[in-house]
Amino acid sequence: MTYRILSIDGGGIRGVLSITILQRLQKEFPHFLSKINLFAGTSTGGILALALAAGKTPDLALKLYVEKGKEIFKDTTFDNIKDAFGLAGAEYSNTGLINALREEFGDMRLKDLNTRVLVASFDLDNESANMDMPRTWKPKFFHNYPGEGSDENELVVDVAVRTAAAPTFFPIYQGYVDGGVVANNPSLCALTQAVDKNTGKQRLTSVALLSLSTGGYPKYLDVMNADWGLLKWGKNLIDIMLEGSLEVAHYQCTRILGQRYLRISPRLSRPISLGNLAEIPALVKTGQDYNLDAAYKFIKKYFSD
């Protein structure tokens, strides 16, 4: 019996590209999503994973981005002045995001979802008073597998906002920031959870994993031997954190799973920032134009029986 995982990267509004790909996959294989055993995601991918695990369709997920995008990524001159144009505060408030998610999920908890989920975040302070467990920050992977360590009682809205709290873009939420600082591509994290003897309990040879990118793009710093400090590194550090680790998980999953792993990663012609709503049509077109022949073969082989 194949244990099927769908993993979705972070990327803000670029999640529209992921949704467009999912729409095409579902059109070709109408029952594809119902056969998935574990949805994993980070940031925008985490929100999508939660939505799909709740039984929402890619069409409804896209509607959330298109209809609520202006509210989620609302920016005003007053906010910019108050936050010293990003130097003293986040670029966007998280109020619009929280309101949009509450409309979709209400008081739903992880245990109420139809399918297992794994959502990456980063805990800035574990608030430990135990001398054997020092007070420290740490990665946090929320999941709804039963048993000790389960996060099944967490509100879906809280987990969604925690995973999407990208540094400098959104405020810290309940002590958590975007899971992209440690696992913007959560594929390997999902694989690890699936084979964990206390949670997923799967044999490695039974796992098939489909990894979905929010679009790769050429980005570099032409700074050979530059002597930069914190001021010059600035936001590049955030981009490197969120984007730099994507291919690490891809490399690892390729070596571990071989043919039982596939990553869908369309190339973007230009960088697209997390909140650039004007790029939604371009993201949809990229998703519609991308060649999915390899994905169709993969799904037919591992996700269709």
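Ile172 is placed in the loop between α6 and β5. The exercises below use this predicted model.

**Exercise 1.** Decide whether Ile172 is buried or exposed, and find which residues join it in a nonpolar surface patch.

Solution. Step one: the relative accessibility of Ile172 is 53%. Step two: the cut-off for exposed is over 50%, so Ile172 counts as exposed. Step three: Leu124 and Trp137 form a nonpolar patch on the surface with Ile172, and together the three have about 330 Å² of accessible area.

**Exercise 2.** Classify the aromatic pair of Tyr92 and Phe170, and state where its two residues lie.

Solution. Step one: the structure holds 10 aromatic pairs. In the pair of Tyr92 and Phe170, the ring centres are 5.8 Å apart and the planes make an angle of 45 degrees. Step two: planes under 30 degrees apart would be stacked and those over 60 edge-to-face, so this pair is tilted. Step three: Tyr92 is in the loop between α4 (77–82) and α5 (95–105), while Phe170 is in the loop between α6 (156–163) and β5 (176–178). The two residues are 78 residues apart, and the pair links distant parts of the chain. Step four: Tyr92 and Phe170 are both buried.

**Exercise 3.** Describe the salt bridge between Lys68 and Glu103, and determine for each residue whether it is buried or exposed.

Solution. Step one: the closest N and O atoms of Lys68 and Glu103 are 3.1 Å apart; the limit for a salt bridge is 4 Å. Step two: Lys68 belongs to helix α3 (residues 58–72) and Glu103 to helix α5, 35 residues apart. Step three: Lys68, at 19% relative accessibility, counts as buried. Glu103 has a relative accessible area of 55% and is exposed.

**Exercise 4.** Set out the salt bridge of Arg135 and Asp125, then that of Lys285 and Asp289.

Solution. Step one: the side chains of Arg135 and Asp125 meet at 2.7 Å, N to O. Step two: both residues lie in the loop between β3 (116–123) and β4 (138–143), so the bridge ties together parts 10 residues apart in sequence. Step three: Arg135 is exposed at 59% relative accessibility, and Asp125 is partly exposed at 26%. Step four: Lys285 and Asp289 form a salt bridge with closest N and O atoms 2.6 Å apart. These two residues lie in helix α11 (residues 280–289), four residues apart, about one turn of the helix. Asp289 is exposed, with 51% relative accessible area.

**Exercise 5.** Which ring does the charged end of Lys140 sit over?

Solution. The charged end of Lys140 sits over the ring of Phe142, 5.2 Å from the ring centre.

Technical notes:
Residues are numbered from 1 along each chain as its sequence is written. This is a predicted model: local features need pLDDT of at least 70, side-chain atom pairs count only at pLDDT 80 or more; totals for chains, interfaces and linings use all residues. Side-chain values use heavy atoms; hydrogens and water are left out. Rings of Phe, Tyr and Trp (its six-membered ring) pair if their centres lie within 6.5 Å; planes under 30 degrees apart count as stacked, over 60 as edge-to-face and the rest as tilted. Buried means under 20% relative accessible area, exposed over 50%, partly exposed in between (1.4 Å probe, protein chains only). A charge sits over a ring if NZ of Lys or CZ of Arg is within 6 Å of the ring centre and within 35 degrees of the ring normal. Patches are made of residues with over 30% relative accessible area and no salt bridge: like charges are joined within 9 Å, nonpolar side chains (Val, Leu, Ile, Met, Phe, Trp, Tyr) within 5 Å. Accessible areas come from the Shrake-Rupley method with a 1.4 Å probe; for residues, only the protein chains shown count as cover.
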